[in-house]
Amino acid sequence: MLKSRFDQLPEEQAKRAIKLYNVLKTNQAKEEDISLLESYARRPNEELSKIVGDLETVMKIADNMKQKYGRGGKEQIAVNTELVNEVKNMLKEQLTRVTNLEVVK
Amino acid sequence: MILDKLQETNTVIQTALNYKDNAASIKEYESQLTNLKNVSTLLNNRLELVEELVKRKIAEPFIPESTQKTIQEAICQCGEKTEELKLDAAAVAALKSASELVKTLTDTAWKNAADQRYSKAIDMLQISVFLLPSPKESKELAEALNDARTQPPASISGIDKIEEKLRRAEKLIDQLNVSDDPEIVSFLEKVKERQATINDLSPKILDWLKNNHLSGRFKLSFAAYA
C-alpha cells in the first residue's frame, strides 16, 4: 500500500504539494466567503496534511535505510582487503610469468 | 513549512540512497574480484603448462608475441581496476578470453607434439603386443598414449603421468631389441596383419627371433595362395 502511495517520483510529489500550497495561498487571499468555501470544499488542506504525513513516513523509511546501510549499519559492507591483496599479488606474479614466457617473435 | 519538509525529506532520501548504492557497488566489486581470482587461477595453471612443455622440450615455444601482449594488457587492466576498486565484468572477461587463447594454443601445440612423441611407441606396442611379457599392460599403455594424443593434460601432473607411461612403454619395447630396424618392424607389421609369408623369414629375422628367444612365440600356419 505504501509503495503505491510513493510510486510517483519525488519531483512529481513536490510539484503536487507546491500546487496545492499555491491553491491554498491564493484562495486565502480572496475576500469572498463563497470562494473560500468553494476552495476548502475541494479539501486542499486535508490533502496537504496527508502529504505532510506521507513525507514524514518517507523520512522515517529513509532514516531507517540510512541507519541500515550507513556507517556502522548492519548492512554496511567493508571491502574485503584480504581478497583484494590476494588477487593483486596473483596478478603481479602472473604478469612476471607472462613477461618471462619464451615467445614466438 | 511544506517546502522545508520536502527539502529535508529529499536530503534524507538522497543520503540513504547513496549509502545503499555504495553497499551495492562494494558487493558487485567483490563478486567481480572472486570471478577474477578464479579466472586468474585457471590462467596460472595454463601458463605453468606452457612453461613446462617448453622446459621439457616436449614443444618448441608456441605463444606468439602478440598473444603475450594481449595477456599482459588484460592483466594490467584488471590490476588497475582492482586497485581503484572499480573492477568490472568487462575487465575480467578480457582476461578470461586471453586465458582461453592460451588454452587453444596449448592444445594445438600439445596435439602436434604428442603425435610425434607417442606415435612410434603406440605403433610398436600394437604390432608387438603378442611378444611382450605383459600383453594386457602393453595394450593399456598403447590406449593411454593414443588418448593423450587427442586429450591434452590439464596440469603438470597430467604430463608426468603420460610421460611415465611413455617411459614404461619404451622399456617394454626395448626388451624386443628391435632397434628401429625397418626389416623387423615390417615383419612384425605383416605378422599382425596375418600377411607374413615364408619369404619374410629372412636370415636377419630368424637371427633376431633366435637371439631374443622369440622363436617359440610364433606359430606357422600353412596355406597356399594363388
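**Exercise 1.** In this predicted model, decide whether Arg46(B) is buried or exposed, then find its salt-bridge partner.

*Solution.*
Step 1. Arg46(B) has a relative accessible area of 13%. Buried means under 20%, so Arg46(B) is buried.
Step 2. Arg46(B) forms a salt bridge with Glu100(B). Their closest N and O atoms are 3.2 Å apart.
Step 3. The pair links distant parts of the chain. Arg46(B) sits in helix H1 of chain B, and Glu100(B) in helix H3 (residues 89-128) of chain B, 54 residues apart.
Step 4. Glu100(B) is partly exposed, at 34% relative accessible area.

**Exercise 2.** Find which chains the salt bridge of Arg97(A) and Glu48(B) connects.

*Solution.*
Step 1. The two side chains meet at 3.9 Å, N to O. The cut-off is within 4 Å, so Arg97(A) and Glu48(B) count as a salt bridge.
Step 2. The pair crosses between chains: Arg97(A) lies in helix H5 (residues 81-99) of chain A, Glu48(B) in helix H1 (residues 2-55) of chain B.
Step 3. Arg97(A) is partly exposed at 23%. Glu48(B) is partly exposed too, at 29%.
Step 4. A network of salt bridges links Arg97(A), Glu48(B) and Glu51(B).

**Exercise 3.** Explain how Glu164(B) and Arg167(B) are placed along their helix.

*Solution.*
Step 1. Their side chains form a salt bridge of 3.1 Å, N to O.
Step 2. Both belong to helix H5 (residues 156-174) of chain B. They are three residues apart, so about one helical turn separates them.
Step 3. Glu164(B) is partly exposed at 44%, and Arg167(B) is partly exposed at 48%.

Terms used
Residues are numbered from 1 along each chain as its sequence is written. Chains are lettered from A and ligands numbered from 1 in the order in which they are written. This is a predicted model: local features need pLDDT of at least 70, side-chain atom pairs count only at pLDDT 80 or more; totals for chains, interfaces and linings use all residues. Side-chain values use heavy atoms; hydrogens and water are left out. Helices (H or I, at least four residues) and strands (E, at least two) are DSSP runs, numbered from the N terminus. Buried means under 20% relative accessible area, exposed over 50%, partly exposed in between (1.4 Å probe, protein chains only).
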